Amino acid sequence: MKAYVKNPLYWLLLFVPLTLVAELLHVGEVVIFFFSVLGIVPLAKLIGDATEELALHVGPRLGGFLNATLGNAAELIITIVALRAGLIELVKASITGSIVGNLLLIMGLAILLGGLKHGTQKFDRVNAGLAATQMTLAIIALAIPTFFARAITANGGTHDTVEALSVGVAITMLVVYALSVLFTFRREAVEVPAIETPPVHHHEPTWSKRTALVVLGLSTVAIAWLSEVLVGAVEPAVAAMGLSEFFVGIIIIPIVGNAAEHLVAVTVARQNKMELSMSIALGSSMQIALLVAPLLVLLSLFIAPEPMDLVFNPFELEALGAATIIAAFVALDGESNWMEGIQLLAVFVILAIGFFFLPF
Amino acid sequence: MKAYVKNPLYWLLLFVPLTLVAELLHVGEVVIFFFSVLGIVPLAKLIGDATEELALHVGPRLGGFLNATLGNAAELIITIVALRAGLIELVKASITGSIVGNLLLIMGLAILLGGLKHGTQKFDRVNAGLAATQMTLAIIALAIPTFFARAITANGGTHDTVEALSVGVAITMLVVYALSVLFTFRREAVEVPAIETPPVHHHEPTWSKRTALVVLGLSTVAIAWLSEVLVGAVEPAVAAMGLSEFFVGIIIIPIVGNAAEHLVAVTVARQNKMELSMSIALGSSMQIALLVAPLLVLLSLFIAPEPMDLVFNPFELEALGAATIIAAFVALDGESNWMEGIQLLAVFVILAIGFFFLPF
Amino acid sequence: MKAYVKNPLYWLLLFVPLTLVAELLHVGEVVIFFFSVLGIVPLAKLIGDATEELALHVGPRLGGFLNATLGNAAELIITIVALRAGLIELVKASITGSIVGNLLLIMGLAILLGGLKHGTQKFDRVNAGLAATQMTLAIIALAIPTFFARAITANGGTHDTVEALSVGVAITMLVVYALSVLFTFRREAVEVPAIETPPVHHHEPTWSKRTALVVLGLSTVAIAWLSEVLVGAVEPAVAAMGLSEFFVGIIIIPIVGNAAEHLVAVTVARQNKMELSMSIALGSSMQIALLVAPLLVLLSLFIAPEPMDLVFNPFELEALGAATIIAAFVALDGESNWMEGIQLLAVFVILAIGFFFLPF
């Protein structure tokens with residue numbers, strides 16, 4: 001367990017009890033909001049570590065599946081809680097934010113910091129190209145309901161068909177996701193390590209299976225509780241800070257839900273493992289697009305006050321398109337350097353300014 | 001002639017006389033519609049076979065030209081008949097549908113079925129990349145009048161300039177098409193088999209030149225007659241079935257007009273001839289964009305009740321763009337696997353659901 | 001100095017005094033407009049030559065920097081004069097026109113004429129891919145304020161935030177540009193000649209440092225004066241010719257400002273130096289996007305009657321997007337042939353027809 005204890009992120013676990021104290025003392029929504037945000041970060045990492053440990057116990061096949069499906073568990077829990085509270089715009093914004101953040105902020109930081117240390121870094125362009133193609137396909141599928149909604153609005157159609165199409169897209173994408181997990185397993189068995197799976201450090205388990213399960217269970221419960229606190233505090237907190245709910249969804253939630261994973265992507269880039277770094281950034285965004293977003297659409301039919309469709313606002317959609325095109329080009333040319341990192345970050349900064357100014 | 005007789009598609013020729021009987025008995029528009037649809041399928045294949053036979057008689061140069069220009073003859077005939085009847089939205093929808101169908105449905109099926117049998121399939125990425133680039137250029141040219149129409153609508157321009165621009169685009173594209181046929185011939189002579197030409201099976205002709213010409217003539221006449229029947233039945237039939245004219249244009253006409261060719265693309269992929277398979281799918285869509293669409297614009301000036309412009313509805317255009325980007329990425333990475341096939345088909349399914357729900 | 005004197009472009013210097021005479025004689029605005037246009041062409045070349053000579057004197061590092069920043073000096077002067085006169089639409093149109101012209105007209109001509117002489121021409125796809133990626137990133141950054149403006153218009157936002165975002169984008173892009181010049185220098189020092197810098201012919205200087213400085217100073221003064229004349233004549237002249245100010249901005253200004261450079265790009269393609277040719281076309285458009293456009297936005301805050309934002313009309317933006325995608329695909333496939341040149345030119349022709357018809 002030593003390796004885990006050393007991680008400085010775990011100091012943030014202090015914010016879990018601090019949030020409880022803040023709640024009991026009614027210290028103000030802004031403080032409660034930030035305490036819950038900071039508390040979620042290490043819990044998300046705990047879920048990731050526990051999943052990985054568990055994966056080492058159950059063998060590569062089931063383990064790979066666990067890693068592939070629980071990789072965004074923290075974000076899924078937060079968004080489900082937000083969905084139940086009817087914060088549908090925040091949930092959709094967090095989908096956009098996660099994808100854009102992975103493809104621009106994380107890939108950009110990894111390429112910049114890796115490139116500053118190692119100069120031009122090369123990686124397998126076929127593997128990266130494959131991931132980029134799959135990412136492009138996922139984003140296009142995700143964009144179709146918005147295109148459709150715009151087209152019918154101009155022709156006086158009803159919103160019912162948009163919801164029906166969103167559900168159709170969600171089901172199709174879940175089928176694609178399931179097949180893609182199957183594809184990765186079959187491919188791994190015969191060929192090369194696939195780019196789509198989250199990284200599995202092939203070390204011995206340091207936790208017993210029981211410990212891993214207990215940690216997984218406890219972190220999930222704790223994260224669910226903190227998400228309730230966060231979601232409860234978000235509206236008064238953003239009002240007090242002059243931010244929009246949309247901005248919280250698109251910038252803050254994705255950073256909180258993925259902080260630990262992001263740290264890994266940047267760290268391995270510094271170790272000149274560019275292939276692994278790109279696979280984390282691309283794989284995580286693909287999982288959001290193909291698994292988390294469709295699951296939320298289907299769940300919303302049962303748990304949300306109103307169903308969630310897949311219609312994004314134009315600026316969100318253009319941000320998604322821009323991030324995907326850039327990631328695809330960067331991946332397709334098979335090598336990276338710090339200047340490419342700067343450019344990815346520049347687009348992220350410009351988009352973030354835009355999101356900040358968006359009047360909703 | 002044995003090879004041809006064996007093809008099960010030819011059993012569908014029974015629907016040619018059946019359509020006549022159905023017409024005489026006034027059995028209802030839905031039945032007549034489907035009978036004419038099913039009758040056109042084998043006739044389209046007959047035109048293809050006769051063209052190929054003729055090509056074998058007249059030598060490679062003129063033969064290649066025949067293959068290149070008559071490759072979409074069936075679809076051209078159907079759309080000309082529809083144009084004369086003033087079904088301009090149906091004609092434009094069938095242009096979109098043919099391109100999207102070739103790039104997503106056919107390429108997707110070919111990659112899926114080929115990949116399931118042969119695992120990862122490789123093909124020359126320079127050739128495929130060249131075709132993808134040309135396809136991208138063609139689609140961008142095709143999209144410009146729509147962009148223009150949107151821009152001027154917002155600024156109070158008149159539709160006359162849209163029509164003028166459409167004609168300008170049509171003439172430019174026909175010049176590009178003519179030069180591209182010339183380019184392919186010169187390139188074939190000195191270099192490698194080009195990716196743009198429809199497949200020529202280099203066997204001995206089994207039909208005499210005279211037979212080929214007679215078959216070509218008869219099928220053309222028959223297909224023209226069946227197209228008249230189809231076009232006459234389409235409006236009452238779609239009303240009876242609850243479909244839209246647009247849906248018939250975008251899904252049914254393209255499948256009918258290209259069924260035989262599609263079968264070939266999938267068959268050769270199963271035989272691990274991925275290069276040929278991609279060349280059929282890419283080549284056929286390029287021919288629609290660069291030859292069929294411009295010809296229809298120019299012909300509409302003389303035969304249609306009102307001229308046809310190149311303004312597509314937003315969802316059509318986005319479908320075209322999506323299909324082209326995806327096909328380009330799949331082609332540029334130089335190899336394919338069944339998962340890529342699944343993803344192309346997934347986007348096709350999602351688009352088809354959207355087309356189904358579009359309220360026109 | 002012989003090499004320079006031979007260049008037929010220099011005969012156009014006659015139009016500098018002719019413009020003065022025309023002004024004194026009040027010969028009519030259309031004549032004055034064309035005389036000033038023709039006079040600017042050789043002066044733009046003189047600035048380029050003087051910069052290059054100066055670069056040879058000051059050593060590779062500072063010289064490279066001079067070439068990189070003064071490469072579009074002529075266009076910058078014209079647009080600054082136009083900005084001061086409040087012709088903001090003309091200035092923005094000339095940004096679009098320069099980028100589209102470089103990527104479609106110049107790259108198209110170079111590929112066509114090079115390909116007709118040499119058949120398939122190859123170039124390093126990694127270098128070209130890098131430049132294409134950077135170009136794509138620059139265009140996406142440039143497009144974000146327009147996306148933002150559209151999104152907020154639909155939600156009742158104010159234009160203040162658009163201006164703020166434009167300034168934010170401008171500052172970000174200047175930082176990226178500065179870092180990219182730094183990157184190129186560091187890369188040149190250790191690796192390969194970069195694709196982004198304008199071509200440096202490694203010959204001995206033929207002018208003394210003093211001559212170069214005098215020529216640079218005189219041409220700058222002369223071009224500034226001619227720009228005043230041109231800008232003063234543009235409104236009556238376009239009215240008299242039935243053109244729009246927008247058309248002058250998008251087609252005429254870019255050709256005038258870049259004619260000399262364009263000639264070089266085509267000439268080296270004929271000499272089978274495709275890599276250099278592509279680097280000029282890609283490098284010049286990148287300089288417009290990352291240096292000229294942001295500088296104009298910031299300068300407009302001080303010298304223009306009203307600040308210039310980075311919101312382009314939809315057709316401009318789509319032209320920029322189309323040109324970038326095409327250039328990227330052409331660059332990424334690592335080789336070119338005359339047919340690709342034809343297709344780039346075809347898209348340019350279609351866009352030019354569209355620009356001609358645009359009602360503003």
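**Close-up 1. C:Phe356 is a partly exposed aromatic residue in this predicted model.** Its relative accessibility is 45%. C:Phe357 is also partly exposed, with a relative accessible area of 26%. Both values lie between the 20% limit for buried and the 50% limit for exposed, so both residues take the middle class. The rings of C:Phe356 and C:Phe357 form an aromatic pair. Their centres are 5.6 Å apart. The planes meet at 65°, an edge-to-face arrangement.

**Close-up 2. An aromatic pair joins chains A and B.** Over all chains, the structure holds 24 aromatic pairs. One of them is formed by A:Phe183 and B:Trp338. The geometry is edge-to-face, with 90° between the planes. Centre to centre, the rings are 5.3 Å apart. A:Phe183 belongs to helix H8 of chain A, residues 159-190. B:Trp338 belongs to helix H13 of chain B, residues 338-357. The pair therefore links two chains. Both A:Phe183 and B:Trp338 are buried.

**Close-up 3. Four Phe residues form one aromatic cluster.** Chain A supplies A:Phe148. Chain B supplies B:Phe246, B:Phe315 and B:Phe355.

**Close-up 4. A three-fold axis relates chains C and A.** Chain C superposes on chain A after a rotation of 120°. The shift along the axis is 0.0 Å, and the RMSD is 0.0 Å. Within chain C, the C-alpha of C:Leu332 is the one nearest the axis. It lies 5.1 Å from the axis. The copies use different surfaces. Of the contact residues of chain C, 3% recur in chain A.

How values were computed: Residues numbered from 1 in each chain as written. Chains lettered and ligands numbered in written order. Predicted model: local features only at pLDDT ≥ 70, side-chain atom pairs only at ≥ 80, totals over all residues. Heavy atoms only, no water. Phe/Tyr/Trp six-rings, centres within 6.5 Å; stacked < 30°, edge-to-face > 60°. Helix = DSSP H or I, 4+ residues; strand = E, 2+ residues; numbered from the N terminus. Buried < 20%, exposed > 50% of the residue type's maximum accessible area, 1.4 Å probe, protein only. Least-squares fit on C-alpha atoms with pLDDT ≥ 70 in both. Contact = heavy atoms within 4.5 Å.
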